[in-house]
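Trainee: Got a minute to go through some labels with me? I'd like to see how each one follows from its cut-off.

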Amino acid sequence: MAHHVSCPAIKNILLLDSEGKRVAVKYFSDEWQTNSAKLSFEKFVFSKTVKTNARTEAEITLLENNIIIYKFVQDLHFFVTGSDDENEIILSSVLQGFFDAVTLLLRNNVDKREALENLDLILLCLDEIVDGGMILETNGPLIAEKVTSHNMDSDSPLSEQTLTQAWATAREHLTRTLLK
Amino acid sequence: MIAKLGNLCGLNAGFFVFRRNSEEEEEEEEEEESRCSSSTTRRQGKYLEDSPPSAPPMAQPLVKKDDDHDDEAEYSPFMGIEKGSVLQEARVFNDPQLDARRCSQVEATEVFFAVTKLFQSRDLGLRRMVYLIIKELSPSSDEVIIVTSSLMKDMNSKTDMYRANAIRVLCRITDGTLLTQIERYLKQAIVDKNPVVASAALVSGIHLLQTNPEIVKRWSNEVQEAVQSRSPLVQFHALALLHQIRQNDRLAVSKLVTSLTRGSVRSPLAQCLLIRYTSQVIRESGNNTQSGDRPFYDFLESCLRHKSEMVIFEAAREITELNGVTSRELTPAITVLQLFLSSSKPVLRFAAVRTLNKVAMKHPMAVTNCNIDMESLISDQNRSIATLAITTLLKTGNESSVDRLMKQITNFMSDIADEFKIVVVEAIRSLCLKFPLKYRSLMNFLSNILREEDCEFTYLSTQILHFLGVEGPKTSDPSKYIRYIYNRVHLENATVRASAVSTLAKFGAAVDELKPRIFVLLRRCVFDSDDEVRDRATLYQNTLGGDGSVVETDKDVKDFLFGSFDVPLVNLETSLKNYEPSEEPFDINAVPREVKSVPLADKKAATKKPTGLGVSSNGPPSTADSYERMLLSIPEFAKFGKLFKSSAPVELTEAETEYAVNVVKHIFDKHVVFQYNCTNTIPEQLLEDVIVIVDASEAEEFSEVLSKPLRSLPYDSPGQTFVAFEKPEGLATVGKFSNILKFIVKEVDPSTGEAEEDGVEDEYQLEDLEVVAGDYILKVGVSNFRNAWETMGADCERVDEYGLGPRESLAEAVNTVINLLGMQPCEGTEVVPPNSRSHTCLLSGVYIGNVKVLVRLSFGLDGPKDVAMKLAVRSEDESVSDAIHEIVASG
């Protein structure tokens, strides 16, 4: 019997379009090393779920010893993958957080076009949900706030001198490398 | 570095594209760098020139950046410009039309340097993207130095988001030496009042523990403090890190669990961790069952009443997995899982049924209480849940329910993923052990799954081989198929091997030059392990001429190999059985051609026999080809000439009536034959002299020429009776016919199957039948409609417009017209995209008299529901074009 004393771990989060193509994906597990392995995993997951109706409630399935929780809205397909001994409800809370945050970030216009036009927000969103497989935050509004809090403390001054110094170091380093 | 860039690509939808210019420009940059403050305008100009005129729309934050740049260009010309060109590249990141082919190889180092220059920017959104890229690029330690000081500065920034992100980036790219430098900041960050900063430091600590455990272990005190944080996520991260720091110290973990289970954990995620750690402690402490109480069980049990579903489920799952769990301990966990079974959320149902499925393996009795809820999940939309429910029921149910559940599983075996097929097979294995009496039916189930898949494959292979045999010799280079066909002789089962031998013989007969080679192959097949394969090889060697020389093949041989076999196999079998060896040779022409319905008793025996080699033609034929063959075999119909079209069966009775009758309309040039397929569904009756009385008073141009009764119609054994009409030659004559089924009923004793001597005449009213214009059009597609349309020309074109009135939808209107005309939709135009207001549909067909017809239908919505249609018909004959319009006008 599996004894899971480990932390809940997320293997990947996928956002695909209605043809199974990537909009944004993030892998935290080294189970899929190459880009082609990732692409074929995405294709597989997409093909196994595309016929189901995951539009009202998140759906769930078990594929190749991974639990996949997924939800579809318009032409976007959201997926969260975890290992087969993971607590399904924890995985589903991550999907819900991702989904809620994206909905807020795209101002309720949850579709592929809007997602691509705000791809930077989606990528930041993925970065704020999970760090190296570890769940950072599952509360959708909080995730969205972390992504968009660009302007908080916007008038705090940056000491430019320090940065200039940093650049001096950088240039010096570069020159040294080139002279070698 | 290029490999690392691959990682970066993985991040994005398409691929990040860095359109860096050649080294030439790099040199320029060097120059620029040395001069540092000169000629801003020139470079700025170059940047503008470079930017593509049709730059795709960018995400908001990056657009804003453009303005910032111009300001900052004054302050540091070089950096400003460089940022410009980086930004220009960055535009591509958000290009919705990203194209992988545009992805050019770029040195990630260069990108790295370029990106780091964006640190200059004050825009937090942009800075965040920089963090993201640095993490993805994971620069080497050489390069890390460049950004370290900037990141360290950000770590001390007053902006919390900068601090949190800088910590995560720095810890991702850092090495041991650098870590000692920043250790002090990290320890402070762990207890920072801002939860985002604290979480960033804690999660980074969890990752760093793998590479630099000795450093992270020094943070214990701070981490312990963070466990008490008011922020749920900080508590979760701190608890995870604290446990990992102490995981090898059993006593410490036990202490941790003891203190926390008293109730200071608020975060559901942290509570789930605590449940896991508690179970670990329980496992490691062994069963302390002397007092009957398991340590910490009360804590797990109290978690079943937590308000968060994930905590309830975690606790229930851990309880079911306790070593030597007693039924008293199990009961509360099973109760909460049972509640989940009827949740509206698929995730909860799945989680509960999967856990109960596991419990049922060891403690089936504990799960029986859930049987009723489980039963309702058998029809769950989510197949995974349904399968788990059925296999759980198989484990917990009694012997009597096994057969019913097996039947339900059979229905969707093909729909479910392999993982679940394994679950099913495992459940069946344990059932075999549990109910030895059911062993036979369970094994049947398993072997059926195997055989069905196998059979499908064999059938497909024989069909392909048959097709190759007919069409292959007509191709420009038939010899290239030989090898593939002969390979089947080596690789496949006997059925396929026999088909392959026949196919080889066909090549030999049709292509004289190949004959010697085919002979060599056929001679080898004579040594096959299967007698049918050997027999075929020998037969074909003899029919093809024996000596293997290049000679012309007899017409008789070709007829034998390629002609259709018009003797019903059942009749042939009966005749062969009755044949007594004598002077007189067996005469195949004496075998009756009429398909007799098989008496019930014989039929049962026949179905038990394994299907022989080849595809036997039991049962009424259904495809156009076999209709034609069947009609030709009945002498009365053979003289009607070539069959033009056979309709799909039209039901003449309601479902589940005493006698089920449907009719197939066979259209000939001068005749129409109605084939009535009759089934007697009453076991106590035998029908004899079955005939359909057709009243053609509403079909004036048709006159009945012959009626062919069915001698005997036993229970559940379909038979056919025919009625033929004459009609004007080559015309699409329509009419309406009413039908009455007449027959003699004989009572049958169900125990013996014997029918009584005397019968009673009876009749049965059937539905009316119509011959419509669509019956005279064959569905024949064209590969290129436009070409065909142009070639046909407008000579016999007829165009008109029709109002179709209010319709359910555009798609429904399109479908109705297609069905009315009975023509073949071309180029997928039968599909109407959702929400369209207009649609063009292309149809093609052949009208009776072999006249090609092409139709172009333009539909449009006129008002909310009204559909208008323009019909353009082209054909080789004006009257046919008119006839098509007539069909639509009267339909």
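Mentor: Sure. The side chain of B:Ser267 reaches the backbone nitrogen of B:Ala270 at 3.0 Å. Bear in mind that this is a predicted model, where local features need pLDDT of at least 70, side-chain atom pairs count only at pLDDT 80 or more, and totals for chains, interfaces and linings use all residues. Side-chain values use heavy atoms, with hydrogens and water left out; residues are numbered from 1 along each chain as its sequence is written, while chains are lettered from A and ligands numbered from 1 in the order in which they are written.

Trainee: What makes the 3.0 Å pair of B:Ser267 and B:Ala270 a polar contact?

Mentor: A polar contact is a pair of N or O atoms within 3.5 Å; within protein, one must be able to donate a hydrogen and the other to accept it, and residues adjacent in sequence count only if both atoms are side-chain atoms. The 3.0 Å to B:Ala270 is within 3.5 Å, so the pair qualifies. The backbone oxygen of B:Pro232, 3.3 Å from a polar atom of the B:Ser267 side chain, passes too.

Trainee: Why is B:Ser267 called buried?

Mentor: Buried means under 20% relative accessible area, exposed over 50%, partly exposed in between (1.4 Å probe, protein chains only). B:Ser267 has 2%, so buried is the label.

Trainee: And why is A:Glu42 called buried?

Mentor: Its relative accessibility is 2%, which is under 20%, so A:Glu42 counts as buried.

Trainee: Which residues does A:Glu42 touch?

Mentor: Leaving out residues up to four places away in sequence, A:Glu42 touches A:Leu14, A:Leu16, A:Arg22, A:Val25 and A:Tyr27, where contact means heavy atoms within 4.5 Å.
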